[in-house]
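Here are some short exercises to try with the model open beside you. Have a go at each task before reading its solution.

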Amino acid sequence: MTEDEYRTYVHEVQATVVRELVASMPEEEARAKAAGGIAQYLPDGLATPHHTLVVAEDATGAPVGNAWIGPDPQRAEGSGAAWLYDINVHPHVRRRGYGSAILAEVEALVRRNGMTTLGLNVVGSNVAAIALYGKHGYVVSTMQMSKRLQ
């Protein structure tokens with residue numbers, strides 16, 4: 001990922017996180033959480049040690065998606081556990097197998113880096129992502145639930 005791609009990516013990720021979080025928290029809190037996550041986990045942007053951000057391209061070289069991989073934030077260093085912080089397929093090319101291809105390449109990258117597990121979070125309403133991960137052998141390891149009380 002280039003610096004220009006990174007700036008665009010951060011903007012898109014924060015917007016997506018806000019859209020997902022407003023279902024369970026006020027918008028201002030969602031915006032702060034989205035900005036804080038990037039600052040916490042990528043303090044040096046693309047130069048953050050042990051984090052990799054990639055752009056996926058089709059056969060013609062056109063971008064079709066991206067992914068962000070790093071150490072599992074819930075596990076000790078040296079545990080062999082990696083974390084898929086984010087994976088995206090651009091809307092205009094969804095349902096063409098790119099999600100599976102990106103996920104397979106992420107898994108290969110994690111293996112090449114000597115890691116033995118790959119974890120991730122998925123929003124419960126993201127049925128397409130849940131199906132993708134299930135198809136690739138991912139299972140629920142923890143679950144959080146919430147209810148908006150009025």
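**Exercise 1.** Which helices and strands each supply at least two residues of the lining of the second largest pocket?

*Solution.* First, the ground rules: this is a predicted model, where local features need pLDDT of at least 70, side-chain atom pairs count only at pLDDT 80 or more, and totals for chains, interfaces and linings use all residues. Residues are numbered from 1 along each chain as its sequence is written, and side-chain values use heavy atoms, with hydrogens and water left out.

Next, the terms. On a 1 Å grid over the protein atoms alone, a pocket is an open set of points where a 1.4 Å probe fits, with protein on both sides within 12 Å along at least five of seven lines; lining residues have an atom within 4 Å of a point. Helices (H or I, at least four residues) and strands (E, at least two) are DSSP runs, numbered from the N terminus.

Now the result: β2 (63-71), β3 (81-89) and α3 (98-112) each meet the requirement. Of these, β2 gives the most, with three residues. The lining has 19 residues in total, and H50, G70, P71, A81 and M115 lie nearest the pocket's centre.

**Exercise 2.** Find the salt bridge of R31 and say why its partner is about one helical turn away.

*Solution.* Start from the criterion: a side-chain nitrogen of Lys or Arg within 4 Å of a carboxyl oxygen of Asp or Glu. R31 pairs with E27, and their closest N and O atoms are 2.6 Å apart. Then check the spacing: the two are four residues apart in helix α2 (residues 27-41), so about one helical turn separates them.

Last, look at accessibility (buried is under 20% relative accessible area, exposed over 50%, partly exposed in between, with a 1.4 Å probe and protein chains only). R31 is partly exposed at 43%, and E27 is partly exposed at 41%.

**Exercise 3.** Is E107 buried or exposed, and how does its salt-bridge partner R111 count?

*Solution.* Begin with the contact: the side chains of R111 and E107 meet in a salt bridge at 4.0 Å, N to O. Both sit in helix α3, four residues apart, and so about one helical turn separates them. Then compare the two ends: E107 has a relative accessible area of 17% and is therefore buried, whereas R111, at 54%, counts as exposed.

To finish, place this pair in the whole structure, where a search finds three salt bridges. Among them is one between R7 and D4, with the closest N and O atoms 2.2 Å apart.
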